[in-house]
Structure formats: structure tokens, C-alpha cells
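Work through the exercises below with the sequence and the model at hand. Each task is followed by a solution in steps.

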Amino acid sequence: MMPPMDDLDDMDRKILAALHVNGRASWTDIAQLLGTSTTTVARRAQHLFGAGLARVAVLPHLENEGPVHVFIVRLTCAPGSQLRVAGMLARNPDIRYVTVVTGAYDIVFELVAPKHRDLYSMLVDFVQAVPGAQQSNADLVLHTYKVSYDWSVPVLGERAAPFALRRPAHTCERGHLDDVDREVLTALRDDGRASFQSVGSRLGISESTARRRLEAMLERGCATVTTFIPAAALGYEAEVLFWLSVEPSMQDSVAERLSGERGVRMIASTLGQASLMCEVIMPTTADLHHFTSRTLAAVPGIQSWTAGVQILTVKRGFLMVPWAEARIAAALSKPEGQARA
């Protein structure tokens, strides 16, 4: 179960926000940013990690090993089976993201398919074989305009801007990583805060080699330090997925306009009933109302939209998020009939 958010105070939220914008920052650097002691930051941060409120991972660029198709799939489920279905989807290594939502569909997930793979088996055979899965709707992602890691900055204030990690565009050739690079990424996948000394010892390389390899991959955009935290832990009330129908000739301009909104975490062009999909995080429902009634309403080219509130995110970046693990494990441990009872 997710720990109660009411137990978090302002310092807890600021530590989580600092880790969100720079997951490998030292406790000393975070303490200086927040104006408190290193001991306080280290003690509180370890408690937050232990409570399942944060996970830091170093993730490779999606296409390091070759071109892929990415599909956003919306799925309905048999009544009462949502958590079980979400858990079974999360077990699939080709699925990067799973969330339970409100609205016409129950689950949204993102499937990453290498272009040599059989799409029918991945999108039809696999989904239909999941007990409880019903109707699905898959949209091909054509282009991603924005993926943001700074939506939490307002919790820290603008002084956090120079503290945040720089995230350059992917500039290196596909498949250029060697075996040592891949081993470094694997070592940092489950614990993105592991020290270079521990990574070097695990792989049989020097600390300086581990450091140099990671820094080179980050500099070229081949890897990203990512911190997963529930938005509710920072006091945010709304995580919403929007599907926007847009005038075809204005798709780029609409996406670029919305990309300028800090609360828009991701926006992508899709081949389906909607032209654009975007993920939005807002501090309050009043802010969400402003976004729908003012921001979206004022953007030329948007014809209509539908939306679903994310009520439980289960997987991001190909990793199960820690605050969902216990709930999903409980759902999967029940026989199928009991899960729907």
C-alpha cells in the first residue's frame, strides 16, 4: 500500500522534489539546496526510500539497441480485475508504462516493440491472453515532442533550476554502447544512486572507469537518471492523461504551445482517433480546471478532448514503482475468481 501522504511534512516533500530533479545528487548538495544539515537529509531520505516513496534508476535511451515501434494501448477490464490485469501487464518486459485510470478505459499501457518483432502476437495474442482483459485500443506513437523531469520544481522554487540535471538530446549512434557500458547501466538500473566504487567493484573495473562511462552516456543522451515518485507525495492532486483531437495542419503548433506548460509532463503525436496524447500533472483540481477551461480552450487548433485521471501508476521506465508493489502483489496472489469478487 502507498504510505499515507498526510505523514509527509514540507521538508520531506522538498527532499523528494530534489531527488526528482537530480536523483544522483549527494546528501550534502541537497542539504545545501534546502538549508538544512546533511544528517537530516540522509536520515529522512532513507526513510522515504524505505517507505516506497521514491526509486532512482539510470535508464538507457529507448533506441540504443535499434529502432522500435511504441504503442499506447487503452484497455477495458472485467469488473474488479483492474489490479490483477495491471500486474500481469507490468510483468511483460516489453511494456514500459502501466497505469490504472478513470473514464471509458480502465488501464493505459505503453508497449515498446522492436521493429523486427511480430506486432500481432504482441498487441493481440498477448493482450487477449491476460485474464480479465477485454476491449483494447492501440495507437502508434509517431513523434514525442516532450518528456519533462522538472514538473516538481515549484516545490523547491526557482533556486532548483541550476541544481537540476542537464538532459541533452540523444546524439550518439544507435548500438554504439559496448559491453562495459551495458554492464554499468544494468548495475544502476535497480539502484540509480549506487556509488561508482560499488559499481566498479561489482563489475571488476575501476571507480574512475565506472564514473567516466556513466558521465559519457549521460552527456550524449544515451542514458538518463530518473527518479520515480508519486505526485501525491508532493501534494499534487491531479495526474491526468489527455487525448486531443487537433486540426491536422496545426498539430505541431499545438504540441509546441502545450510543451511550454510545466505541468505537461509528456506530449506525443499518435496515429489513432486522437492526434495528440499528453500527460498533465497539476497541484490542485482548481489548476486542472484552469488548464482545461483556459489553457486548452485558448490554443487554436484543438477541436475536442477526452481525459482519464491516473488513480494508480504501476510501472514507469520498464520498472515497477515501489508504492504499487504491495498492492499489485496482493492482487496477483488471489485466484482469478477472488480478484473479481
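The exercises concern a predicted model and treat helix packing, salt bridges and single residues in turn.

**Exercise 1.** Determine how α7 and α8 are oriented to each other, and which residues form their contact.

Solution.
- Step 1. Helix α7 covers residues 179-189 and helix α8 covers residues 196-203. Their axes are 10 Å apart and make an angle of about 120°.
- Step 2. Angles of 65 to 115 degrees count as roughly perpendicular and those over 145 as roughly antiparallel. The pair α7 and α8 is therefore classed as oblique.
- Step 3. The crossing of α7 past α8 is right-handed.
- Step 4. On the α7 side the contact is made by Glu183, Val184, Thr186, Ala187 and Leu188. On the α8 side Val199, Arg202 and Leu203 take part.
- Step 5. Sorted by class, the contact of α7 with α8 has five nonpolar, one polar and two charged residues.

**Exercise 2.** Carry out the analysis for α4 and α12: give the angle, the class of orientation and the make-up of the contact.

Solution.
- Step 1. Helix α4 spans residues 82-90, and helix α12 spans residues 322-333. The angle between them is about 105°, and the axes lie 8 Å apart.
- Step 2. The range for roughly perpendicular is 65 to 115 degrees, and α4 and α12 are therefore roughly perpendicular to each other.
- Step 3. From α4, the residues in contact are Leu83, Arg84, Ala86, Gly87 and Met88. They meet Arg327, Ile328, Ala331 and Leu332 of α12.
- Step 4. By class, the contact of α4 with α12 has six nonpolar, one polar and two charged residues. Gly counts as polar in this scheme.

**Exercise 3.** How many salt bridges does the structure hold, and which parts does the pair of arginine 44 and aspartate 9 tie together?

Solution.
- Step 1. There are 18 salt bridges in the structure.
- Step 2. One of them joins the side chains of arginine 44 and aspartate 9, at 2.8 Å from N to O.
- Step 3. Arginine 44 belongs to helix α3 (residues 38-50), while aspartate 9 sits in the segment before α1 (10-21), so this pair ties together parts 35 residues apart in sequence.
- Step 4. Both partners are partly exposed: arginine 44 has a relative accessible area of 21%, and aspartate 9 one of 32%.

**Exercise 4.** Two aspartates of α7, at positions 179 and 181, take part in salt bridges. For each, find the partner, its place and the accessibility of both residues.

Solution.
- Step 1. Aspartate 179 pairs with arginine 182, with 3.3 Å between the closest N and O atoms.
- Step 2. Both residues of this pair lie in helix α7, three residues apart, about one turn of the helix.
- Step 3. Aspartate 179 counts as exposed at 56% relative accessibility, whereas arginine 182 is partly exposed at 29%.
- Step 4. The side chain of aspartate 181 meets that of arginine 213 in a salt bridge of 3.1 Å, N to O.
- Step 5. Aspartate 181 is in helix α7 and arginine 213 in helix α9 (residues 207-219), so this bridge ties together parts that are 32 residues apart in sequence.
- Step 6. Aspartate 181 is buried, with a relative accessible area of 6%. Arginine 213 is partly exposed, at 22%.

**Exercise 5.** Which residues are linked with Glu239 in a network of salt bridges?

Solution. The network links Glu239 with Arg265, Glu279 and Arg316.

**Exercise 6.** Place valine 153 and valine 254 in the fold: element, burial and contacts beyond four places in sequence.

Solution.
- Step 1. Valine 153 is part of helix α6 (residues 153-156) and is buried, at 4% relative accessibility.
- Step 2. Leaving aside neighbours within four places, valine 153 is in contact with Val21, Glu158, Ala160 and Arg262.
- Step 3. Valine 254 is part of helix α10 (residues 251-259) and is buried, with a relative accessible area of 0%.
- Step 4. With residues up to four places away not counted, valine 254 touches Val246, Leu276, Val299, Pro300, Gly301 and Ile302.

**Exercise 7.** What is the sign of phi at phenylalanine 318, and where is this residue found?

Solution.
- Step 1. Phi of phenylalanine 318 is near 70°, a positive value in a residue other than glycine.
- Step 2. Phenylalanine 318 is in the loop between β10 (302-316) and β11 (319-320).
- Step 3. At 25% relative accessibility, phenylalanine 318 is partly exposed.

Definitions and conventions. Residues numbered from 1 in each chain as written. Predicted model: local features only at pLDDT ≥ 70, side-chain atom pairs only at ≥ 80, totals over all residues. Heavy atoms only, no water. Axes fitted to C-alpha atoms, helices over the stretch in contact; angles between N-to-C directions. Parallel < 35°, antiparallel > 145°, perpendicular 65-115°, else oblique. Left-handed = near helix turned anticlockwise from the far one by under 90°. Contact = heavy atoms within 4.5 Å. Salt bridge = Lys/Arg side-chain N within 4 Å of Asp/Glu carboxyl O. Buried < 20%, exposed > 50% of the residue type's maximum accessible area, 1.4 Å probe, protein only.
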